[in-house]
Amino acid sequence: MDDIGLRELLGQGVSLVALALCVIGFASQRDQRLFGLLLVANVAFALQFALFQSWVAAGISALIVLRIALVRRYPGHVGIMAAVLVATLVIAALTWSGPRDVPALMAGLLGTYGMFMLRGIAMRAVLAAAAFCWIISNLLAGSIGGTLAETLILVTNLITIWRLRRATHRYGLGGTG
């Protein structure tokens with residue numbers, strides 16, 4: 001098997017590991033376990049994008065590990081959010097290869113803004129848009145597991161938005177927390 005075939009096979013394997021971590025994480029009822037599994041899943045996403053030589057997506061996925069840790073500690077902190085946005089742009093500038101990198105860049109920017117500055121339905125709507133961008137990025141890279149994982153995340157977000165809206169209408173809840 002040649003290097004390209006082996007690299008692509010490894011990329012598919014790592015993407016399936018990331019998918020499994022996402023499924024296990026979202027099935028967990030404990031937020032700490034979910035965040036921990038998402039951290040590890042993003043390491044796997046970064047590795048899978050590197051194996052597919054999708055460097056902007058790999059760099060931004062690696063940065064997401066740091067972003068998750070920062071947003072958990074400093075939600076709503078504009079300065080830290082701005083630093084993560086600048087880091088996202090720097091990664092994209094250093095690794096840019098063409099138009100196929102646009103979806104990963106958009107996902108990184110949307111996800112950073114949504115996680116730091118929004119809550120409830122608004123946050124989930126922006127994260128759903130970011131997941132859609134990641135779906136496109138995974139499709140362009142040829143990642144089966146990554147595409148399935150991000151589709152799962154998108155669908156989960158859309159269902160949660162629907163449930164929050166339904167609760168808002170039914171019980172008069174704000175749907176912001």
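Below is a short exchange about how some labels in this predicted model are justified.

User: Why is Thr-112 called buried?

Analyst: Its relative accessibility is 1%. Buried means under 20%, so Thr-112 counts as buried. Thr-112 lies in helix H5, residues 102-117.

User: What makes the pair Thr-112 and Arg-67 a polar contact?

Analyst: The two side chains approach to 3.1 Å. The cut-off for a pair of N or O atoms is 3.5 Å. The Thr-112 and Arg-67 side chains therefore qualify as a polar contact.

User: Which residues does Thr-112 contact, leaving aside neighbours within four places in sequence?

Analyst: Thr-112 is in contact with Arg-67, Met-81, Val-84, Leu-85 and Thr-88.

User: Why are H3 and H5 called roughly parallel?

Analyst: The axes of H3 (residues 55-73) and H5 cross at roughly 5°. Angles under 35 degrees count as roughly parallel, so the label fits H3 and H5. Their axes come within 10 Å. On the H3 side, the contact includes Val-56, Ile-60 and Arg-67. On the H5 side, Gly-108, Gly-111 and Thr-112 are among the residues taking part.

User: How do you know that the span of helix H7 agrees with its number of residues?

Analyst: H7 covers residues 144-171, which is 28 residues. At 1.5 Å a residue, the helix should span 40 Å. The end C-alpha atoms are 40 Å apart, so the two values agree.

User: What is found at the start of H7, and what follows the helix?

Analyst: At the start, a side-chain oxygen of Ser-143 comes within 3.0 Å of the backbone nitrogen of Gly-146. Gly-172 follows H7, with a positive phi near 70°.

User: Which residues of H7 are buried?

Analyst: Among them are Gly-145, Gly-146, Thr-147, Glu-150, Ile-153 and Asn-157. Ile-161 and Ala-167 are also included.

User: How many disulfides does a search of the whole structure find?

Analyst: Zero.

User: Why is Cys-22 not bonded to Cys-133?

Analyst: A disulfide is a covalent bond between the sulfur atoms of two cysteines. The cut-off is 2.5 Å between the sulfurs. The sulfur of Cys-22 is 17 Å from that of Cys-133, its closest cysteine sulfur, so the gap is too far for a bond. Cys-133 is in no disulfide either.

User: Are these two cysteines, Cys-22 and Cys-133, buried or exposed?

Analyst: Cys-22 has a relative accessible area of 1%, so it is buried. Cys-133 has 14%. That value is under 20%, so Cys-133 is buried as well.

Key. Residues are numbered from 1 along each chain as its sequence is written. This is a predicted model: local features need pLDDT of at least 70, side-chain atom pairs count only at pLDDT 80 or more; totals for chains, interfaces and linings use all residues. Side-chain values use heavy atoms; hydrogens and water are left out. Helices (H or I, at least four residues) and strands (E, at least two) are DSSP runs, numbered from the N terminus. Buried means under 20% relative accessible area, exposed over 50%, partly exposed in between (1.4 Å probe, protein chains only). A polar contact is a pair of N or O atoms within 3.5 Å; within protein, one must be able to donate a hydrogen and the other to accept it, and residues adjacent in sequence count only if both atoms are side-chain atoms. Contact means heavy atoms within 4.5 Å. The expected span of a helix is 1.5 Å times one less than its number of residues. Axes are lines fitted to C-alpha atoms, for helices over the stretch in contact, and angles run from 0 to 180 degrees between N-to-C directions. Angles under 35 degrees count as roughly parallel, over 145 as roughly antiparallel, 65 to 115 as roughly perpendicular and the rest as oblique.
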